[in-house]
Amino acid sequence: MNVINMADNELEKVYSPADVEDKWASFWIEEGLFEASTETDKPSFSMVIPPPNITGTLHLGHALNNTLQDILARYKRMTGYNVLWLPGIDHAGIATQNVVEKQLHGEGTDRHSVGRDGFIERVWKWKDESGGAIINQLKKLGASCDWSRQRFTMDEGLSKAVREVFVRLYGEGLIYRGDYIINWCPRCHTALSDLEVEAEETDGKLYYIEYPLSDGTDSVTVATTRPETMLGDTAVAVNPEDERFKDLIGKKIKLPIVEREITVIADPEVDMEFGTGAVKITPSHDFNDFEMATRHALPFITIMDIDAKMNDNAGPLSGMDRFEAREAVIEKFKELGLLKKIEPHKIMLGGCYRCRTVVEPTLSKQWFVRAKELAAPAIKSVEEGRTKFVPKNWENTYFDWMHNIRDWCISRQIWWGHRIPAWYCTDCDHISVAINDPDRCAQCGSTAIEQDFDVLDTWFSSALWPFSTLGWPENTEELTRFYPTTVLSTGFDIIFFWVARMMMMGLKLTGKEPFSEVYIHALIRDIEGKKMSKSKGNVIDPLAVMDTYGTDALRFTLTALAAQGRDIKLAEDRIEGYRNYCNKIWNLARFTLMNVEGAESGTLGMPDEADMSMADLWIKARLNLCVKEVREGIDTYRFDASARSLYRFVWHELCDWYVELSKKDLYGDNGPERKQAAAGMLLHVLKETLKMLHPFMPFITEEIWDKLPATEASIMLQDYPVSSNTGEADPAMESGMETVMEVISSIRNLRSEMNVPLSARIDDILCISTERSLRDAVNEGADYIKDLTKVDAIEVKGEGEAPENSVSAIAGSVKIFIPLKGLIDVEAETARLTKELEKIIKEVEGVEKKLSNENFVKKAPPEVVAKDRARVVGLREKEAALNEQIERLKALA
């Protein structure tokens, strides 16, 4: 074909990814090969990329997910689909704002000094100059997205969709503004959804503090992990079934320090087993207390400001940091004699997902989506199978969250993002919500209106991604043709953040599920199964390994390890191993090109079956099986199974066996007709193999395809192999070929074990089998056996005695006798093996002695003990093999 350089039809001696990858990445995009069409009769296959943050760089999770999506996209194109894989990036509200704020800080200023409009300009400037580097990194990975349709969550079309959705849901009462307890980050100064809070178990304390009754007749002791919040208590609650507190229900308490009077109330939600059975209620700073206070119409008292410092409601502790206030409260209770005891207590501490600051539950005016109403149809869609999770067990995670969903806080107190389209009238307090910016109040007509300062949660726009990117709310050709999308590939960690919300919004606004299937890929860990992190120093940088080993090596490694339901344990040497696989493919292609040069290349192709050799028929059947397995693997998202089949076929069956079996034919030793047939077969198998490999390893396959004779256009535009095109399996033929290969392997192994010189030829061997079919197979494959084992003659019998001075080997049901006398120095070889055996026995004794020591087994790390036990097994196997070889030599003495 040679679409790049017509003058160059040769492959370099060594595969150099750096010389190949950029060339083809540019070619595919320039030629528009990734672009979907709105004017075709082909069936549609569509995916939307999980939009990476504009601040991000490619990590292994991106590399894995986008490799798997690219396999699907390239495979579906080659199987006749009109594929749209729609790319884009997310504006990443808090993360992006933090980046630009750091820039301003470095310049000695801040966002408040430059003002909101100036700050937004700076963010857009940063976006245009530095943002979105990950897009170029995805192109380097080979991602075959339709880059002509790239979207950004803040672009004009998506911004229009966001406003449309907000206005619609507000009009239906599904978006509202109200006082609600939210997760507040005192450092980022913004509300966080439940999913943006990262909880971690830590060592805390449980403080038992005493509250006196107002009349002085009694007291109630409560247990709390956050004593500073008592300044905002508005009740003490007990369980109505708790006999210990029946007489206290309805009594008044004089709250220490602030001297405020509160009431003892009864509520069945109180856990009688926790602490003392009586709990303090702080409605403005605890989620459970908020719900209870709402049920009992208790007052709400906020005691902290936006920096988590105590406000005027905290009385004498006003101005203190919350943790400073905690110590002050405890000291005061000690002084008053009201601190009963302190116990160690494990607590789940929530931190901001961005800055790790401890989150403070607080009461605030925020915007919310009523989630339960939206969740109901989204639950039903998965229950009834209209959207399926792969693996299916992730449906349980989805259901757990959806059945317990709370209203979604969608407002954020930052400047970068979709500003909430709500305007407040200072004259009549009416809130105008509109798609287009109003110039006056919708109720009283006043021009004294001001837009809400907050922006929407980044996940709000991301929830609209599958349809807003296709032109919704307009009824575009893209929306009609490509929505709903076919599959979504993503990580388990955003089932809540993203998948569930896309389901809710898609069903509500389009009446259709946004995707038919959700494939949840594995998590990548280090080789010991530990999470990768910079602090542990075990992070593998995909960009670095792509430069070192090539992109295809990384892609194939990730694919081969991507088993459903199992985390990926990755080490760099695995990537190096698949770099060797790339080299194997490259050398196979070079060998093929060298051996088709002397044939009539213009007429080369798979020969007629009548002209095929035993090896030709066998490789045809193995190719057929590989095509079947690879297609089944991709179709069922078992990408690792497809990769295993490809690896086995290319390395072991095609290179290790077929090429070796066919060399005499290819070299012309068996005449020009066999040379032509073998060359045609090898070229056909290579072409089919490259097409199978292309979705997994796009760069090397395109480069090789470009150099092959009688190829047209890019490999991307070829039809993917179909198993029926390569012939049906013939069990008898395959079994016969396997027998021949077993005989060859057995003779080779025996030569190696007995230290027969590589140059030495064996006069003749005897093969005995009672099975006629096996004898026929050995006879038919006799030339292969002789060529690959340096044997001059083969005798095949149904029965017989072992010849003198011979050693034997077993190949299935075939017994092989090989005369070795005169080929080796029996005495010297016996001495060598005996010395090696003694060394093995001594080594076994040493390891077994260590394992018999109970102290060692108890104190040593489990992996060390396991390694030593495995070592003993391996050594025992070597010992048995050496004994067997020595016994064989005795027969020759």
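The residues lining the largest cavity divide into six nonpolar, three polar and three charged. This is a predicted model, so please take what follows as a description of a prediction. The lining consists of H91, G93, I94, E196, Y353, R412, I414, W416, V455, L456, D457 and T458. Two elements, α3 (93–106) and β21 (455–456), each give at least two residues to the lining of this cavity. Its volume is about 60 Å³. How many cavities of 30 Å³ or more are there? The count comes to one.

Next, the second largest pocket. The space in this pocket is about 1,400 Å³. Its lining has 45 residues, and those nearest the centre are T225, R226, D286, F287 and N288. By class, the lining residues of this pocket are 17 nonpolar, eleven polar and 17 charged. Which elements supply at least two lining residues each? On the strand side there are β7 (197–212), β8, β12 (278–281), β13 (339–352) and β14, and the helices are α7 (287–296) and α8 (322–336).

I will stay with α7 for a moment, since F287 and N288 are among the residues nearest the pocket centre. At the start of this helix, a side-chain oxygen of D286 comes to within 3.0 Å of the backbone nitrogen of N288. The buried residues of α7 are F287, D289, F290, M292 and A293. Among the elements that cover them are β5 (175–185), β9, β11 (260–266), β12 and β14. So β12 and β14 turn up in two roles: they cover the buried residues of α7, and each supplies at least two residues of the pocket lining. After α7 comes A297, which has a positive phi, near 55°.

R226 brings us to the salt bridges. Side chains of opposite charge can pair when their charged atoms come close. How many salt bridges does the structure hold? There are 58. One of them joins R226 to E360, with the closest N and O atoms 2.6 Å apart. That pair links distant parts of the chain, 134 residues apart: E360 sits in strand β14 (residues 360–369), and R226 in the loop between β8 (219–224) and β9 (235–238). Are these two residues buried or exposed? Both E360 and R226 are buried. R226 is also one of the residues nearest the centre of the second largest pocket.

For a pair within one element, take E164 and R168, whose side chains meet in a salt bridge at 2.9 Å, N to O. Both lie in helix α6 (residues 156–171), four residues apart, which is about one turn of the helix. E164 counts as buried because its relative accessibility is 16%, under the 20% cut-off. R168 has 32% relative accessibility and therefore counts as partly exposed.

Another salt bridge runs between D242 and R244, where the closest N and O atoms are 2.7 Å apart. D242 counts as buried because its relative accessibility is 5%. Then there is a network: R622, E629, R648, E653 and E734 are joined into one by salt bridges that share partners.

To recap, the pocket and the salt bridges meet at R226, which lies among the residues nearest the pocket centre and pairs with E360. β14, where E360 sits, also supplies at least two residues of the lining of that pocket.

How values were computed. Residues numbered from 1 in each chain as written. Predicted model: local features only at pLDDT ≥ 70, side-chain atom pairs only at ≥ 80, totals over all residues. Heavy atoms only, no water. Salt bridge = Lys/Arg side-chain N within 4 Å of Asp/Glu carboxyl O. Buried < 20%, exposed > 50% of the residue type's maximum accessible area, 1.4 Å probe, protein only. 1 Å grid on protein atoms, 1.4 Å probe; cavity = no way out; pocket = protein on both sides within 12 Å on 5 of 7 lines; lining within 4 Å. Points joined across faces, edges and corners; volume = space filled by probe spheres on them. Nonpolar A, V, L, I, M, F, W, Y, C, P; charged D, E, K, R; others polar. Contact = heavy atoms within 4.5 Å. Polar contact = N/O pair within 3.5 Å; in protein donor to acceptor, adjacent residues only side chain to side chain.
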